[in-house]
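User: I'm used to gels and columns rather than coordinates. Could you walk me through how to read a model like this, feature by feature?

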Number of protein chains: 2
Amino acid sequence: MSSPDRKDVLTPVTDAMRTLAAGLLSQSRHGYLAVLDPEDGWPQASRVALGSTQDGVPLILISRLSAHFAALEADPRCCLLVGEPGKGDPLAHARISMDCTARQAPHEDRAGLRARFVAWQPKAALYVDFADFAFWYLQPQRARLNAGFGKASALDRDELLLILQQVAALP
Amino acid sequence: MSSPDRKDVLTPVTDAMRTLAAGLLSQSRHGYLAVLDPEDGWPQASRVALGSTQDGVPLILISRLSAHFAALEADPRCCLLVGEPGKGDPLAHARISMDCTARQAPHEDRAGLRARFVAWQPKAALYVDFADFAFWYLQPQRARLNAGFGKASALDRDELLLILQQVAALP
């Protein structure tokens with residue numbers, strides 16, 4: 001990971017990159033979550049429905065019956081990728097991949113999170129109140145933003161906090 | 001992972017599920033790859049352009065300058081998710097998540113893989129011959145197929161081999 005070649009290909013974070021990241025985070029209704037299998041540590045990928053807190057922190061609603069719920073209970077380290085490809089080369093389209101620590105939302109947060117999440121994901125009304133479902137916060141720690149070939153930046157935690165503020169300020 | 005509750009929600013693999021899985025694998029031009037960060041073991045997610053071998057084995061073309069290249073060199077365990085959501089609930093749309101072992105394709109395989117991959121991903125012609133790019137086989141070992149709520153199946157290696165044969169037989 002520390003090869004000088006790799007770091008040479010990263011570009012500085014610009015305002016345009018920050019706005020791009022905030023746009024990806026605020027517009028996405030799903031993302032891809034990487035977690036660690038609690039039995040053997042194998043990396044696991046799943047699709048998750050995505051919301052956000054009023055502070056712009058990514059929020060997921062997952063079932064205790066899912067593999068990723070057990071994985072996050074055992075190890076809260078995860079990675080959330082958001083951004084969808086369009087036509088042509090799938091790698092030419094922007095995405096952000098955020099290393100996050102997951103934390104199950106406490107009961108007292110539930111009513112507020114439920115209202116926000118269902119407003120953003122109306123179909124979630126069908127299962128949000130099932131006993132096995134719970135909200136989890138995904139607190140971003142560091143990220144890679146990739147806006148296409150030759151346009152990749154590393155974002156540290158402070159940079160991410162600014163971007164989450166931008167997400168929270170969007171209408 | 002061994003909670004009886006979780007296994008209870010899995011459904012048996014049917015021919016329709018096999019056909020669904022083969023369809024996802026044969027039609028996808030990109031997927032999401034989970035790997036392990038070689039420095040700290042954090043799970044990582046990235047979008048990858050996807051092809052397949054004539055045997056139906058998933059194939060990726062990745063740059064030595066990417067984080068996932070270094071990760072796969074250090075630990076070949078990875079997970080490939082394919083399947084795109086459509087309208088409505090993102091979780092209602094089918095996806096397959098395959099635990100794979102990655103192996104860099106040897107030089108003698110390159111010409112054949114290049115021809116197949118570029119036919120499927122024409123834009124890859126722009127970078128396929130760059131010195132830092134290489135093909136990797138992703139050999140599926142086990143998988144979870146999720147066709148929407150209440151329609152999840154576990155697929156073992158033998159089941160996956162049958163599905164890859166079905167992919168290979170498609171026109």
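**Reading the contact between two chains**

Analyst: Let's start with one detail: the backbone oxygen of Ala94(B) lies 3.4 Å from a polar atom of the side chain of Arg47(A). Keep in mind that this is a predicted model.

User: Where does Arg47(A) sit, and is Arg47(A) buried or exposed?

Analyst: Arg47(A) belongs to strand S2 of chain A. With a relative accessibility of 2%, Arg47(A) counts as buried, because the cut-off for buried is under 20%.

User: Which other backbone oxygen does the side chain of Arg47(A) reach?

Analyst: That of His93(B), at 2.7 Å. Beyond its close sequence neighbours, Arg47(A) touches residues of both chains, including His30(A), Gly31(A) and Tyr32(A), and on the other chain Leu81(B), Glu84(B), Pro90(B) and Arg95(B).

User: Now zoom out. How many residues does each chain bring to the contact, and how much area is buried?

Analyst: Chain A brings 56 residues and chain B brings 56 residues. Together the two chains bury about 4600 Å², and 62% of that is on carbon and sulfur atoms.

User: How many polar links cross over?

Analyst: There are 24 residue pairs in polar contact across the interface of chain B and chain A, both partners being at pLDDT 80 or more. On the side of chain B that touches chain A, at least two residues each come from helix H1 (4-8), helix H3 (67-74) and several strands, among them S1 (30-36), S2 (43-52) and S6 (133-146). S2(B) gives the largest share of that side, seven residues. Sorted by class, the side of chain B that touches chain A holds 27 nonpolar, 13 polar and 16 charged residues.

User: Can you give me one residue to click on for those polar contacts?

Analyst: Try Gln44(A), which is in strand S2 (residues 43-52) of chain A. Gln44(A) is buried, at 7% relative accessible area. Its side chain has a polar contact of 3.1 Å with the side chain of Asp99(B) and another of 2.9 Å with that of Arg144(B). Leaving out neighbours within four places in sequence, Gln44(A) also has Leu33(A), Val35(A), Ala34(B), Cys79(B) and Arg142(B) among its contacts.

User: What about salt bridges? What's the idea?

Analyst: In general, side chains of opposite charge can pair when their charged atoms come close. Here there are 20 salt bridges over all chains, and the count between chain B and chain A is four.

User: Which ones are worth looking at?

Analyst: Begin inside one chain. Asp15(A) forms a salt bridge with Arg18(A), with the closest N and O atoms 2.7 Å apart. Both residues lie in helix H2 (residues 15-27) of chain A, three residues apart, or about one turn of the helix. Asp15(A) is exposed, at 57% relative accessibility. In chain B, Arg77(B) pairs with Asp75(B), N to O 3.0 Å at the closest, and Arg77(B) is partly exposed at 22%.

User: And between the chains?

Analyst: Arg142(A) and Asp37(B) meet in a salt bridge with an N to O distance of 3.9 Å. This pair runs from strand S6 (residues 133-146) of chain A to the loop between S1 and S2 of chain B. Its two ends are classed separately: Arg142(A) is partly exposed at 29%, whereas Asp37(B) is buried at 7%. Salt bridges that share partners also join Asp37(A), Asp40(A), Asp99(B), Arg142(B) and Arg144(B) into one network. Within that network, Asp40(A) pairs with Arg142(B), the closest N and O atoms being 3.1 Å apart.

User: Last one: how many disulfides are there over all chains?

Analyst: A disulfide is a covalent bond between the sulfur atoms of two cysteines. A search of the whole structure finds zero.

User: Why is there no bond from Cys78(B) or Cys79(B)?

Analyst: It's a matter of distance. The sulfur of Cys78(B) is 5.0 Å from its closest cysteine sulfur, that of Cys100(B), which is too far for a bond. For Cys79(B) the closest cysteine sulfur is also in Cys100(B), at 6.9 Å, again too far. The cut-off for a disulfide is 2.5 Å. As for accessibility, Cys78(B) is buried at 0%, and Cys79(B) is buried at 0% as well.

Key. Residues are numbered from 1 along each chain as its sequence is written. Chains are lettered from A and ligands numbered from 1 in the order in which they are written. This is a predicted model: local features need pLDDT of at least 70, side-chain atom pairs count only at pLDDT 80 or more; totals for chains, interfaces and linings use all residues. Side-chain values use heavy atoms; hydrogens and water are left out. Contact means heavy atoms within 4.5 Å. Buried area is the accessible area (1.4 Å probe) that two parts lose on being put together, summed over both. A salt bridge is a side-chain nitrogen of Lys or Arg within 4 Å of a carboxyl oxygen of Asp or Glu. A polar contact is a pair of N or O atoms within 3.5 Å; within protein, one must be able to donate a hydrogen and the other to accept it, and residues adjacent in sequence count only if both atoms are side-chain atoms. Helices (H or I, at least four residues) and strands (E, at least two) are DSSP runs, numbered from the N terminus. Ala, Val, Leu, Ile, Met, Phe, Trp, Tyr, Cys and Pro count as nonpolar, Asp, Glu, Lys and Arg as charged, and the others, Gly among them, as polar. Buried means under 20% relative accessible area, exposed over 50%, partly exposed in between (1.4 Å probe, protein chains only).
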